[in-house]
Amino acid sequence: MESLAPAHFAPETVYLNTAATGLLPTPAAAAMGAAIGVLAAGAPGNVDFSATVDAARSAYARLVGVPASRVAAGGSVAVYCGLIAQSLPADAEVLVAEGDFASLVNPFHTRPGLRVRTVPLERLAEEVRPDTALVAVSAVQSADGRIAGLGAIAAATRAYGARTLVDVSQAAGWLPLDAAAHDFTVGVGYKWLMGPRGVAFLTVPGDLGALTPVFAGWVTGEDPWQTCYGKVEPLARTARRFDENVAVLSYVGALHGLALVEELGVERIGAHDRALADRFRAGVVALGLTPVPAEGSAIVAVPGVHGAAERPAAAGVQVSARAGRLRAAFHLYNSTADVDRLLEVLARR
C-alpha cells in the first residue's frame, strides 16, 4: 500500500507521528512563503486575509457536515473550551472521560463553580444524569486511539436535556464526522488536517448554543471594517461572533491541507489509515507485545516498549511516547514500507 499523495509531501524520516503534528503539504509551505513575501513587501492585499479565513471555514464546514454559518475560526481548542465553560451556569455538572486531553477538560476544572465528574470513557453514556449540563469528550482519545461511542453519548444527553462538546482534533481528516449531531465540536487544524499550528475551529448549534462571546473583538462584528472602534455593534449573526483574530499565515497554509482531504475524501483516507494501523497491530502482536484495544483507529498505542520514542527516532522513525506507551499514527502520506520499518526497529529489542 503506497502513500495516497506522494507528490504533496517530502519527509526526511519515516513519519508516523500525525497524532502529535501532521506533515505540511508542500503547496501549503509554498503558499505561506508567498504570503510572507506579500507582507514583507507591503503589497496590496497584505492587510485583509478575511477571504482566506472564510475559505478555510467553509472547507472545514463541508468536512464536518454543517453550514459555514455554524463554524467559528480561531487558534486554540483550549480557548473555545474556555468559552463554553464560561457560558455554563453556576454549579453545572460537566461529565468528562478519564485521561482525556488537557485542553478539552482543563477549562472546566479551572472555571470556578462548576462540578466536573470524571468517569471511564466506556461508561460516559450511562453516567449521564438529570443534573448533567454538558458531556465533553474527544471523538478519538489522544493517548491511545480509542474511539468514543458518540451515538450513545448523544442519545443519553438528549434524554436528559444536556449538551455535548466533542473534540475532533484526533479524528477530523480520517474519521467521518457529523458535527450536526452534537451541540459543540472543537478541533485543531495541525494534526490530521495537515495545516500549521494556530488553526482551530468551533462548531455551534443554529441558535449559537447560548454562548456569551466573552472575547469578542473587532473581527466579530457583522461588518468588521465598519466597527473597528468602540463597541462592536452589531455582532455577527453567525458563529463568526466567536472568531478570534487569527494567525492569518497559518490559515493560508491550512487551506491546502483541507483541500487535500476534500480531494481524496475522508472515507478513502480513513480506509488507508486503518489498514496501515491494522498491519502494525498485527505486527506488534507477532512480536509478543499487546497494543491498547482501539479497533478501527488510525492511532495505535503499545505499552512495554523501552525507549518508546527515542529508539525509533535514532533509527529515523518518528513516533510519540504518551502515557508510558509508544504511540504510532498512520495517515495518507504513509505506506506499508513505513509500517514495516517501525516493526523492524521494534524487533531489535
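Colleague: Is L88 buried or exposed, and why?

Modeller: Look at relative accessibility: buried means under 20%. In this predicted model, L88 counts as buried because its relative accessibility is 13%.

Colleague: Where in the chain does L88 lie?

Modeller: Find the elements on either side. L88 sits in the loop between α3 (77–87) and β3.

Colleague: And which residues does L88 touch, leaving aside those up to four places away in sequence?

Modeller: Skip the sequence neighbours and see what is left. For L88 that gives V94, F108, R111, L114 and L134. Take L134: in sequence, L88 and L134 are 46 residues apart, yet C-alpha to C-alpha they are 8.7 Å apart in space.

Colleague: V94 and L134 both turn up there. Which residue of β5 is the bridge partner of V94?

Modeller: Here you read across from one strand to another. The partner of V94 in β5 is L134. Strand β3 (residues 93–97) runs parallel to β5, and four bridges join them.

Colleague: How many bridges does β5 form with strand β6?

Modeller: Five, again in the parallel sense, with β6 covering residues 163–167. One pair to look for is A136 with its bridge partner L165 in β6. To get from β5 to β6, the chain passes through helix α6 (residues 150–160), and this β-α-β crossover is right-handed.

Colleague: So how many residues of β5 are buried?

Modeller: Go along the strand residue by residue. In β5 (residues 132–138), six of the seven are buried, so the strand is mostly covered, taking buried as under 20% relative accessible area.

Methods:
Residues numbered from 1 in each chain as written. Predicted model: local features only at pLDDT ≥ 70, side-chain atom pairs only at ≥ 80, totals over all residues. Heavy atoms only, no water. Buried < 20%, exposed > 50% of the residue type's maximum accessible area, 1.4 Å probe, protein only. Helix = DSSP H or I, 4+ residues; strand = E, 2+ residues; numbered from the N terminus. Pairing = 2+ DSSP bridges. Right-handed = clockwise from strand over helix to strand, strands pointing away. Contact = heavy atoms within 4.5 Å.
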